[in-house]
Amino acid sequence: MSAFRHIGVLGAGAWGSALANVVARAGRRVTLWARDPRLAETIAQRRESPKLPGVRLEDSVAVTGTLDATDAAALLVAVPAQALRPVARALAPVLRDGTPAIACAKGIERGTGRFMTEVIAECVPQAEPAILSGPSFAADVARGLPTAVTLAARDETLASALAAALGSPTFRPYHSTDVRGVEIGGAAKNVLAIAAGIVAGRRLGPSAAAALTTRGFAELVRFGKAFGARPETLTGLSGLGDLILTCSSRQSRNFSLGIALGEGRSLEEAQRGKLVEGIFTASVLGEMANARGIEMPIAAAVAAVLDGRLDIDAAIESLLTRPFRAEA
């Protein structure tokens, strides 16, 4: 534990601010980095992020607009999935060899099909990539409400030490070495949550919602197995746990987007200017599934709706008219 006295958090949005509070409550020295120096000044003065209004940063959280990771023993990289590459490139010159860089975004990079730890490994070769994911809303975590997540690194000793360094009575990281499984759960569930939201927005009823979530989980499992994920990871916090949360609460941006789409709003109206990771992940998830012959009809329907290739009713009909088959 003493090896992680200072932990940096890159990204001062809702999730980064919440994680800064997590680190502070774990008794670590913490520095929160905002990519915009003006935002850093605002947060430092007001002691809260504009992305997480009404939630105060712990007094011990230092805020900066200058990226300097040379003094950090570990980093939580809490920037959106599609913004990770440029941030990782900027991090490379200032990160010491062997420093853990923990990706905290849930997505897959468009254009490359790279998972978050792969992006870190490519851009910051001296880092030790890891991933943090699980059923967690930023507002709950920031306020100190009980939350359990998964933290995975390829080295079990490192994963265990990082989990211990971040853990507190209200934030419980379970450690794993199944990096890919944790990444897949976090990315795929966002796409499936959009589908669950569409079902809710169309008022198709709780029976349809339960069927959608269950069959969506079957798709997540098929995708995970094809990429070497462990079954226990897919049924754990970062897989099934996160899927249940994201498919059932309006706090989820992906679920809320789906509701708006199901109610008949355009994609632009449904977004309301907010970043929704599932929008970016849907198409690349479909491409990766097709390349390996993985059957993912729900995820494919979501991608088709988001790309404008299908309207909502046609997408629903395509799922309801699929051939009858044995459950698997």
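I'll start with one helix pair: the axes of H13 and H14 come within 9 Å of each other and cross at roughly 120°. Keep in mind that this is a predicted model. Angles over 145 degrees would count as roughly antiparallel and 65 to 115 as roughly perpendicular, so H13 and H14 are oblique to each other. The handedness of their crossing is left-handed.

Which residues make the contact? On H13 they are Gly278, Ile279, Ala282, Ser283 and Leu285, and on H14 they are Ala299, Val302, Ala303 and Leu306. By type, the contact of H13 with H14 has 7 nonpolar residues, 2 polar ones and no charged ones.

Now the core. In soluble globular proteins, nonpolar side chains tend to be buried together. Here the largest nonpolar core has 48 residues. Phe223, Leu257, Leu261, Leu285 and Leu306 have the most contacts inside this core. Two of those, Leu285 and Leu306, were on the list for the helix pair a moment ago.

Where does the core come from? Two or more residues each are supplied by H7 (179-201), H8 (206-226), H11 (253-262), H13 (277-291), H14 (297-306) and H15 (312-320). H7 gives the most, with 11 residues.

Take Leu285 as a close-up. Leaving out residues up to four places away in sequence, Leu285 touches Ile108, Ala188, Val191, Phe223, Met296 and Ala299. Of these, Ala299 belongs to the H14 side of the helix contact.

One last item: there is a second, separate core, with 43 residues. Its members include Ile43, Leu52, Ala74 and Ala165.

Terms used:
Residues numbered from 1 in each chain as written. Predicted model: local features only at pLDDT ≥ 70, side-chain atom pairs only at ≥ 80, totals over all residues. Heavy atoms only, no water. Core = buried A, V, L, I, M, F, W, Y, C linked by side-chain atoms within 4.5 Å. Buried < 20%, exposed > 50% of the residue type's maximum accessible area, 1.4 Å probe, protein only. Helix = DSSP H or I, 4+ residues; strand = E, 2+ residues; numbered from the N terminus. Contact = heavy atoms within 4.5 Å. Axes fitted to C-alpha atoms, helices over the stretch in contact; angles between N-to-C directions. Parallel < 35°, antiparallel > 145°, perpendicular 65-115°, else oblique. Left-handed = near helix turned anticlockwise from the far one by under 90°. Nonpolar A, V, L, I, M, F, W, Y, C, P; charged D, E, K, R; others polar.
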